[in-house]
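Ready for some practice in reading a protein structure? Take a look at the chains below, then work through the exercises with a pencil in hand.

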Amino acid sequence: MNLSRADRRERLASLAAEYALGTSPPRVRRRLARIARRDPVVAEALAQWERLIAVLGEGAPGVTPPPRVWRRITEKLGLVTAEAPRIAWWDRLGLWRGLAAASFVVAMALGVVQLTRQPVPAAAPLVVVLAGPDARPAIIATAARSGRFLTMKAVVDTAPPQGKAFELWALPRAGAPRSLGVIPDGAIVEVPLQAPAGESLANITPLSVSLEPAGGSPTGAPTGPVLYSGKIERMY
Amino acid sequence: MNEAAHGAAATAPAERSARLAALLARVALADQGAFAELYRLTAPHLYGVALRILRNASAAEDILQEAWISIWHHAGGYDAAKSQPLTWLTSIVRNRSLDRLRRREIDVVEPAGDDDAPDIDFPADEPSPVDLLLAGADARSLRDCVDGLEPGPKQAIALAFFHGLSHGELARHLDEPLGTVKSWVRRGLEKLKRCLDGAGVTR
């Protein structure tokens with residue numbers, strides 16, 4: 001049955017309402033969930049009722065779950081600390097040990113920047129080594145503090161698959177990630193910044209690259225997996 | 001953790017939503033600190049949802065664990081334009097809890113024609129489902145909309161919502177024919193939706 005047909009809207013609305021409330025029989029539940037995965041009209045009907053249903057539950061009291069729940073979650077996910085994991089994976093010791101071995105790559109990248117940029121920026125640069133979860137450096141990003149662009153140099157062979165794009169994100173100390181835009185194709189590229197790098201990247205700890213649909217994230221927040229991440233090093 | 005949950009409840013809803021959405025976006029970038037904070041702020045609400053539906057602490061803990069593992073992997077699927085962050089999180093937990101509950105029911109073979117099926121017991125120290133529904137009515141318009149329902153539909157919706165009762169269980173619990181209960185639920189929900197949409201409560 002094609003539920004998204006106009007003449008079945010009413011039937012869809014009542015099925016969606018019962019789904020969201022949870023009264024529909026198991027077989028109907030499973031079928032609707034399956035259909036919603038490929039039919040956006042059905043998915044939106046379910047979402048609409050879920051929004052309404054969520055409003056109903058806002059005043060119900062919460063119950064603090066026992067600490068073992070969080071412990072099990074972190075264990076299952078292999079997160080760093082089971083207690084209060086405030087450390088992001090790019091801050092892990094192992095990663096930085098791995099990167100220390102790669103510091104010569106940074107020196108080389110700076111060399112590249114200085115060769116390709118004339119005149120050499122007077123101000124001390126900002127350097128970010130973006131690495132994957134395996135700690136292998138993949139992209140080196142550099143910027144002069146007064147510069148209005150970030151130079152990104154791929155040090156491994158990396159390109160987004162067909163129909164996808166790499167998007168660069170700046171993670172402030174608090175608040176939502178800020179997109180710095182889609183990274184253009186090429187081995188050495190420039191990503192424009194809205195303000196001088198020293199200002200634009202102040203209070204940013206890591207930069208991350210996520211895989212997004214061509215043209216960048218449709219939601220304004222990262223939607224795809226994080227491929228590379230690295231801390232901003234301020235060279236004085 | 002209670003304190004954090006309390007703090008979150010005390011801030012303005014829009015501010016709280018923006019904060020949770022920002023945390024979700026950071027989780028999409030694999031930020032563990034944001035994941036931990038999101039958990040501290042919302043796990044009590046989500047655990048309450050699972051507990052009321054499943055009425056079994058260890059099953060609710062399992063669901064919470066599964067849900068948070070899924071949240072870690074799928075935070076990038078959250079779209080702030082489509083739903084509030086707490087709605088998105090709650091849907092994950094509610095749907096998983098309901099799926100688990102229904103699966104459990106299939107496992108239990110019900111004796112045919114048993115008119116003396118035991119009533120469902122709810123803990124005596126907990127407010128009634130209708131009270132819980134009204135507790136959400138900080139927003140006056142929500143309270144008005146809930147209050148505007150007939151007693152039958154109101155109770156059926158509250159029981160289904162908070163305790164995951166199916167149509168069959170509602171009929172038994174309320175001692176009404178199945179058809180009556182089904183139409184209470186359907187018409188009650190439609191009326192609620194019209195009322196809440198009109199009041200601008202749903203977003």
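Three exercises with worked solutions follow, and they use a predicted model.

**Exercise 1.** Find how many residues each chain gives to the contact between chain A and chain B, and which helix of chain B gives the largest share.

*Solution.* Start with the totals: chain A gives 54 residues and chain B gives 67 residues. Next, look at where those of chain B come from. Several helices each supply at least two residues, among them α1 (2-10), α5 (85-107) and α10 (178-199). The largest share, eleven residues, belongs to α3(B). Finally, sort the side of chain B that touches chain A by class: 38 residues are nonpolar, 17 polar and twelve charged.

**Exercise 2.** Describe how α2(B) and α3(B) pack.

*Solution.* First, the geometry: the axes lie 8 Å apart, at an angle of about 140°. The crossing is left-handed. Then pick out the residues in contact: α2(B) uses B:L20, B:L23, B:L24, B:R26 and B:V27, while α3(B) uses B:A34, B:F35, B:E37, B:L38, B:L41 and B:T42. By class, this contact has eight nonpolar, one polar and two charged residues.

**Exercise 3.** Work out where the buried residues of α10(B) lie around the helix axis.

*Solution.* List the buried residues of α10(B): B:V181, B:W184, B:V185, B:G188, B:L189, B:L192 and B:L196. Now look down the axis: these buried residues fall within an arc of 120°, so they line one face of the helix. Remember the general rule: an α-helix has 3.6 residues a turn, so residues three or four places apart point the same way. Last, check the face turned away from the buried side of α10(B), which carries the exposed residues B:G179, B:R194 and B:G198.

Note on methods:
Residues are numbered from 1 along each chain as its sequence is written. Chains are lettered from A and ligands numbered from 1 in the order in which they are written. This is a predicted model: local features need pLDDT of at least 70, side-chain atom pairs count only at pLDDT 80 or more; totals for chains, interfaces and linings use all residues. Two residues are in contact if their C-beta atoms, placed from the backbone, lie within 7 Å. Helices (H or I, at least four residues) and strands (E, at least two) are DSSP runs, numbered from the N terminus. Ala, Val, Leu, Ile, Met, Phe, Trp, Tyr, Cys and Pro count as nonpolar, Asp, Glu, Lys and Arg as charged, and the others, Gly among them, as polar. Axes are lines fitted to C-alpha atoms, for helices over the stretch in contact, and angles run from 0 to 180 degrees between N-to-C directions. A crossing is left-handed if the near helix is turned anticlockwise from the far one by less than a right angle, and right-handed if clockwise. A residue is buried if 20 or more other C-beta atoms lie within 10 Å of its own, exposed if 12 or fewer, and partly exposed in between; C-beta atoms are placed from the backbone. The arc is that of the directions from the helix axis to the C-beta atoms.
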